[in-house]
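Take a look at how the chains of this model sit against one another. The report below goes through their contacts, one pair at a time.

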4 protein chains.
Amino acid sequence: MTTAPPDDAVPAYVLVLTCPDGPGIVHAVSGVLAGAGGNITESQQYGDPGTGRFHLRLQVEVALGREALAALVEPVADRFGMTWTLDVVGRPLRTLVLVSRAAHCLNDLLFRQRSGRLPVDVVGVVGNHPDLAPMAATYGVPFTHLPVERGRKAEAEAHLLDLARERDVELVVLARYMQVLSDDLCRALAGRAINIHHSFLPSFKGARPYAQAHDRGVKLIGATAHYVTADLDEGPIIEQDVQRVDHASTERDMVGIGQDVEAQVLARAVRWHAEHRVLLDGHRTVVFR
Amino acid sequence: MTTAPPDDAVPAYVLVLTCPDGPGIVHAVSGVLAGAGGNITESQQYGDPGTGRFHLRLQVEVALGREALAALVEPVADRFGMTWTLDVVGRPLRTLVLVSRAAHCLNDLLFRQRSGRLPVDVVGVVGNHPDLAPMAATYGVPFTHLPVERGRKAEAEAHLLDLARERDVELVVLARYMQVLSDDLCRALAGRAINIHHSFLPSFKGARPYAQAHDRGVKLIGATAHYVTADLDEGPIIEQDVQRVDHASTERDMVGIGQDVEAQVLARAVRWHAEHRVLLDGHRTVVFR
Amino acid sequence: MTTAPPDDAVPAYVLVLTCPDGPGIVHAVSGVLAGAGGNITESQQYGDPGTGRFHLRLQVEVALGREALAALVEPVADRFGMTWTLDVVGRPLRTLVLVSRAAHCLNDLLFRQRSGRLPVDVVGVVGNHPDLAPMAATYGVPFTHLPVERGRKAEAEAHLLDLARERDVELVVLARYMQVLSDDLCRALAGRAINIHHSFLPSFKGARPYAQAHDRGVKLIGATAHYVTADLDEGPIIEQDVQRVDHASTERDMVGIGQDVEAQVLARAVRWHAEHRVLLDGHRTVVFR
Amino acid sequence: MTTAPPDDAVPAYVLVLTCPDGPGIVHAVSGVLAGAGGNITESQQYGDPGTGRFHLRLQVEVALGREALAALVEPVADRFGMTWTLDVVGRPLRTLVLVSRAAHCLNDLLFRQRSGRLPVDVVGVVGNHPDLAPMAATYGVPFTHLPVERGRKAEAEAHLLDLARERDVELVVLARYMQVLSDDLCRALAGRAINIHHSFLPSFKGARPYAQAHDRGVKLIGATAHYVTADLDEGPIIEQDVQRVDHASTERDMVGIGQDVEAQVLARAVRWHAEHRVLLDGHRTVVFR
C-alpha cells in the first residue's frame with residue numbers, strides 16, 4: 001500500500017497487464033522475471049468469467065533498467081496478446097487538475113502530494129474561474145485561467161489539450177470541474193482522466209444532487225470517482241463511499257458532508273490510478289488495492 | 001436506546017406528536033406533564049423549515065394510567081392541531097411478517113425478538129410460499145400459507161387484511177416479500193407497513209438489482225427500509241446502509257452481502273418504528289434515534 | 001447541524017445547562033423562553049441515571065439581546081443549581097492551535113474554518129518547532145515559535161497562558177502537539193482544551209502507537225479526540241473513529257491512514273465543542289449532535 | 001469471495017503455503033501447476049519484510065485428483081522449505097462450536113451454514129450450560145452438555161478433545177464460550193481454534209468489558225476474532241470491527257450492539273479460515289480476502 005520507493009539499490013518496477021484468459025500466463029511472466037534474477041514482491045490477479053479477460057499486477061525488484069526489462073517482457077506480451085505497462089514503483093504521475101470554484105478537492109490533492117502520500121506531480125491547475133489561483137500559488141503550482149465562453153468551448157478544449165501536451169501530462173483530474181467535456185475531449189483523454197461525481201452513482205444524476213437527496217430524505221450521502229467517458233456519469237467506477245446524514249441535515253449540511261466524501265474518494269482513486277492499481281475490464285474496473 | 005421497561009413502579013410513557021410549527025408548543029406540553037408530577041426522561045424535537053411542521057417525541061415517567069394521561073394531553077393537542085400518539089414505553093407492537101422464500105430477514109427479526117432486543121410481538125408469518133413455515137414453527141409463531149394466484153390477488157389481499165384485523169395487527173413488515181401490493185392495500189396499511197428494498201434507493205429499481213449493480217461495477221452494496229406507499233419504491237425512507245464489494249465479487253457474493261445489509265437495516269427500522277421514533281414529515285421521515 | 005446564522009432578523013441563541021436531575025426543569029426553562037416570545041428550534045436533553053445529572057441544549061430564536069435573555073434565565077438557573085452558558089448561535093470561538101511538525105490537522109482545521117464549515121476563529125498558531133509557520137501565514141494567522149527547552153517548560157507554559165489571555169482565547173486545540181502539558185496547565189485549561197490522540201483509546205497508550213498497532217497486527221486504526229486533563233490520555237472522550245488496515249499495511253501506511261482519521265475526528269470534536277454540543281458528565285461527555 | 005464449487009467438471013483446489021522469502025517461488029509453483037495443465041484462477045501473495053516469510057494462496061482448476069496434485073507439489077515444497085496445505089475449493093470444514101448461554105453467535109453461524117454462505121459442517125455443539133441445546137436441535141446438530149466443574153477442568157477438557165477426535169474435527173469455534181482453556185488445550189488446538197473476544201483488543205481485557213467501555217465513555221464498541229493461544233487475549237488477530245454508540249447508550253444497549261458486531265466479526269473470521277485465507281505470520285495473521 002505504501003508509495004515509497006524501496007530503500008535499497010535494486011530498482012523496483014510495477015508491471016500491469018491485461019489479456020484473454022487462459023493457462024500459463026502467470027508462469028510465463030514469472031519465468032521471465034525469475035530468469036532475470038527478479039524478486040516478485042507483490043502480485044495480484046483477476047480473471048473475469050464475464051469478459052474472459054485476465055488482469056495481473058506485479059511488483060518486482062530486479063537489477064535491470066526499465067528498457068532492458070521491457071525488452072524481456074515484450075515477447076511474452078506478444079505471445080498472449082497483452083496490453084501492458086511497465087513503470088518504476090513510486091514514480092509520480094504528471095498530473096493536470098481541472099477546477100471551478102470549489103476548493104476542497106484541490107486542497108486535499110495538493111496537501112497529500114506535498115505530504116508524500118500521493119504519487120503525483122501536479123504540473124498545473126486549470127480553472128474556468130480564477131478563484132483557486134491563490135491556492136495553487138501557495139503550493140507553487142502554475143495556474144491557468146481558462147474561461148469557457150458560450151459557443152467557444154471547442155477553442156477552450158483545444159487550449160487545454162495543448163497545455164496537456166506541452167507539459168507531458170499523464171493524468172487529468174476533474175476536481176469538481178463544473179464543465180461537461182465534449183465527446184472528442186473525452187475520447188482524447190480516455191483512460192487517463194478521473195472525475196469525482198458529487199453523488200452515489202447511479203443515483204441522482206443531473207443538477208443539484210444534494211437538493212435531490214435532501215428532498216428524497218436519504219440517510220446516506222455518497223460520492224463516486226470514475227473514469228471520464230463520452231457517456232456522461234456512466235464511466236467505469238473506481239471508488240465510492242458514503243457518510244450518514246439525518247432528517248435535520250439541511251441541503252447546506254449535505255453539501256459540506258458531501259465535500260468530505262468527495263475529497264476522500266477522489267484522493268483514493270487518484271492514488272490507486274497513479275500506483276497502477278486500476279485496470280479496465282469492459283466498462284467496469286479491476287482495483288488491486 | 002434501550003427497549004427495557006423501567007425497573008421501578010412509576011409507569012413510563014412515550015408521547016409522539018406532529019403539528020404546525022410555532023412558539024409555545026414545548027412549554028405547553030411540558031406544562032401538562034409537569035402539572036401531573038411527571039419526569040421527562042427523553043425529549044427530541046425537530047421543526048422542518050421546509051414543511052413548517054413541528055415534531056416532538058417525549059418519554060415521561062408519571063404516576064398515571066394511560067387514559068388519564070391522554071385526557072390531560074388532549075386539550076393541548078387540540079389547541080395546537082396535533083396528530084399524536086401515547087404509548088407505554090417498551091410495549092411490544094403486534095406485528096405481522098410477510099415473506100416469500102428468503103429466510104435471512106425473518107430469521108433476524110424472530111431471533112432479535114426472542115433475545116429481547118426488538119419490542120415487537122410477531123403474531124403471525126404469512127408466506128406466498130410455504131418454505132419458511134418450519135422457521136416460524138421453531139419460534140412458536142403461526143404460519144399462514146397464502147399463495148397469490150394470477151388473477152386472484154384481490155382475494156389474497158382481502159384474506160391478508162382479515163388476518164391483520166383478527167389479530168389486532170399494528171405493524172406489517174415485508175421481509176423480502178416478493179409481491180407488489182395493490183394501491184388499495186398500500187393505502188389501507190399507510191404508515192404501518194415497512195418494506196426492505198434490496199438496493200440503495202434511488203438506485204437500481206426494478207428486477208435483479210444485484211445483477212444491475214454487478215454489471216455497473218459498483219463498489220458498495222446497499223439496502224433501504226421504507227414505508228410502503230402506492231408509489232412503488234418511493235415510500236418515505238427510514239434507514240439505509242451499505243457494505244463494500246469489489247471487482248471480484250460475483251453477483252452471488254453481492255446477494256449474500258446484500259442479505260446481511262438487508263437484515264440489519266430492516267431490524268433497525270422496525271425497532272425505531274416500534275419505539276415510536278419515526279415520524280412522517282411530508283414524504284420524508286424524522287427519525288429520533 | 002448547520003453552523004450558519006439564521007437568515008432573518010430575530011437573534012438565535014444556544015443555551016446549554018447541567019444540573020441535578022429532577023422534575024420540572026424543561027418546563028421551567030421553556031416557560032422563561034415562551035414568556036419572552038421565544039421559539040425553540042432545537043432541543044436535546046439527557047439525564048444520566050449513573051451521575052444523577054441532567055443536561056439540556058436548546059436553540060431559541062427570540063427578539064432580545066444576550067444580556068436581557070441571560071437575566072431572564074438566571075433566576076431559573078439559580079433555582080435548579082444549574083451550570084449554564086448562553087451564546088449566540090454560530091458565533092466563532094476564539095481558538096489557539098498548538099502544533100509541532102505534523103501538518104495534517106492544522107491544514108484541515110484552517111481549511112474548514114475558511115470554508116465556513118467550522119465556527120472557530122483561529123487567532124494564533126503556536127509551534128514548538130517553526131515548521132508550520134508558512135502554512136499559518138497562508139491563512140493569515142499569526143504564528144508563534146515557542147520552543148520547549150529542557151528544564152524550562154514552566155517558562156514556556158507561562159508564555160503560552162499569557163498569549164491565550166492576551167488574545168481572549170476560548171478554546172485551545174492540541175493538533176498533534178507532541179508535548180506533555182504540566183498538571184498546572186491542564187487544570188488552567190480544564191474543559192476548554194481538546195487533544196487528538198493518535199490511537200483508539202484506551203489501546204496503545206504511550207510512544208509510537210502505530211508501531212505498536214503494526215506489531216500487534218490489528219485490522220483497524222483509530223483516533224480519539226478528548227478533553228485535556230492532568231491524567232494523561234484519560235480525559236473525557238469526545239469522538240472516536242477507525243479505518244481499516246490489513247497485513248500488508250506498513251507502519252508508514254498506518255501513519256498515513258491514521259492522519260486521515262486524526263484530522264476528521266479532531267475536526268468533528270472541535271465543531272461540536274464550538275457549537276456547544278459537548279457537555280461534561282463526570283469523566284464522560286454528553287454529545288448532542 | 002464466493003464459496004461455491006465450480007460449475008464444470010474440472011476440480012478446483014486451493015493451495016496455501018508459507019516459506020522463507022526469496023526469488024523463484026511463484027515461478028516454481030506456477031510451473032508445476034502449468035505443467036499439469038492447471039489454470040490459476042486466484043492468486044494472492046505477501047512477503048513480510050519483518051519476518052522474512054513469504055505467503056501464497058492459489059486457486060487452481062486442474063484435471064487431477066488431490067493426491068496426484070499433492071505429489072506434484074511436494075518436491076517444490078521440499079525445495080523451498082514450505083509449510084503447505086492443499087484442499088478442494090469449497091469443501092466444508094468439520095467444525096465444533098463451543099458455547100455457554102449467549103445464543104447470538106451460534107444462531108448466526110448455523111443460519112449462515114444452512115444458507116450456503118459459510119463453508120463449514122458443524123458436527124457438534126458443546127455447551128457448559130444446556131441452554132442452547134434446543135437451537136442446535138433445530139438445525140439437526142448434536143449437542144453435548146459438558147459442565148466444567150471446579151477442580152475437574154482437566155477431565156472436561158479431555159472429554160472435549162476425545163469428542164473432537166471422534167468426529168474428525170478440523171476447526172473449533174469458541175462462540176462466546178465463557179471458559180478459559182488450559183495451556184495444554186490451547187497448544188493442542190493451536191492454529192485451529194478461533195475465539196470471538198467481546199472487545200476491540202487490545203482494549204478492555206478482563207471481565208465485563210461493556211461495563212468498562214460504558215464507564216470510560218467510549219464512542220465505538222468493537223469485537224475481535226483471534227486464534228486461541230495460551231497467552232489469553234493475545235492470539236493472532238483475524239478480524240475486528242466496531243459500531244458507534246453514544247452517551248445515551250446504556251451498558252445493556254452496548255451489550256446488544258456488541259452482540260451484532262461479535263456475530264459478524266466471528267462469521268467473517270470463520271469463513272476466511274474455512275476458505276484457507278488466513279495464514280500465520282509470527283504472531284500476526286495474513287488474510288487474503
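## A term to start with

A salt bridge is a side-chain nitrogen of Lys or Arg within 4 Å of a carboxyl oxygen of Asp or Glu. Keep that rule in mind. By this rule, the interface of chain B and chain C has zero salt bridges. The model is predicted.

## Where chain B meets chain C

How many residues does each chain bring to this contact? Chain B gives 16 residues, and chain C gives 16 residues. Between them, chain B and chain C bury about 1,200 Å². Of that area, 52% lies on carbon and sulfur atoms. Three residues of chain B lose the most area to chain C: His27(B), Ser43(B) and Gln45(B). Together they make up 39% of what the chain B side buries.

Salt bridges are absent here, with a count of zero. Polar contacts are present. Eight residue pairs are in polar contact between chain B and chain C, both residues at pLDDT 80 or more. Which elements of chain B give two or more residues to this side? They are α1, residues 25-35, and β2, residues 39-48. The largest share comes from β2(B), with seven residues. By type, the chain B side divides into four nonpolar, 10 polar and two charged residues.

## Where chain B meets chain A

Now turn to the other partner. Chain B puts 33 residues into this contact, and chain A puts in 33 residues. Chain B and chain A bury about 3,000 Å² between them. Carbon and sulfur atoms carry 52% of that area.

How many salt bridges cross this interface? The rule finds four between chain B and chain A. In one salt bridge, the side chain of Asp241(B) meets that of Arg244(A), at 3.8 Å from N to O. That pair qualifies because the rule allows a nitrogen and a carboxyl oxygen to lie within 4 Å. Polar contacts add to the picture: 12 residue pairs, with both residues at pLDDT 80 or more.

Three elements of chain B each supply at least two residues to the side that touches chain A. They are α7 (209-216), β11 (237-244) and β13 (284-287). The largest share, seven residues, belongs to β11(B). The chain B side here divides into 14 nonpolar, eight polar and 11 charged residues.

## How the copies are related

Two copies of a chain are related by a rotation about an axis and a shift along it. Chain B superposes on chain A after a rotation of 180°, with 0.0 Å of shift along the axis and an RMSD of 0.0 Å. These two copies are thus related as by a two-fold rotation axis. The same surface serves both: 100% of the contact residues of chain B recur in chain A.

What rotation superposes chain B on chain C? It is 180°, with 0.0 Å of shift along its axis and an RMSD of 0.0 Å. Again the same surface serves both copies, and 100% of the contact residues of chain B recur in chain C.

## An annotated domain in chain A

An unreviewed UniProt entry carries the annotation "domain: ACT" for residues 14-91 of chain A. In the model, the end C-alpha atoms of residues 14-91 of chain A lie 10 Å apart. The span is 33% helix and 41% strand.

Technical notes. Residues numbered from 1 in each chain as written. Chains lettered and ligands numbered in written order. Predicted model: local features only at pLDDT ≥ 70, side-chain atom pairs only at ≥ 80, totals over all residues. Heavy atoms only, no water. Contact = heavy atoms within 4.5 Å. Buried area = accessible area lost by both parts, 1.4 Å probe. Polar contact = N/O pair within 3.5 Å; in protein donor to acceptor, adjacent residues only side chain to side chain. Helix = DSSP H or I, 4+ residues; strand = E, 2+ residues; numbered from the N terminus. Nonpolar A, V, L, I, M, F, W, Y, C, P; charged D, E, K, R; others polar. UniProt positions renumbered as here; feature names shortened; annotations may be inferred. Least-squares fit on C-alpha atoms with pLDDT ≥ 70 in both.
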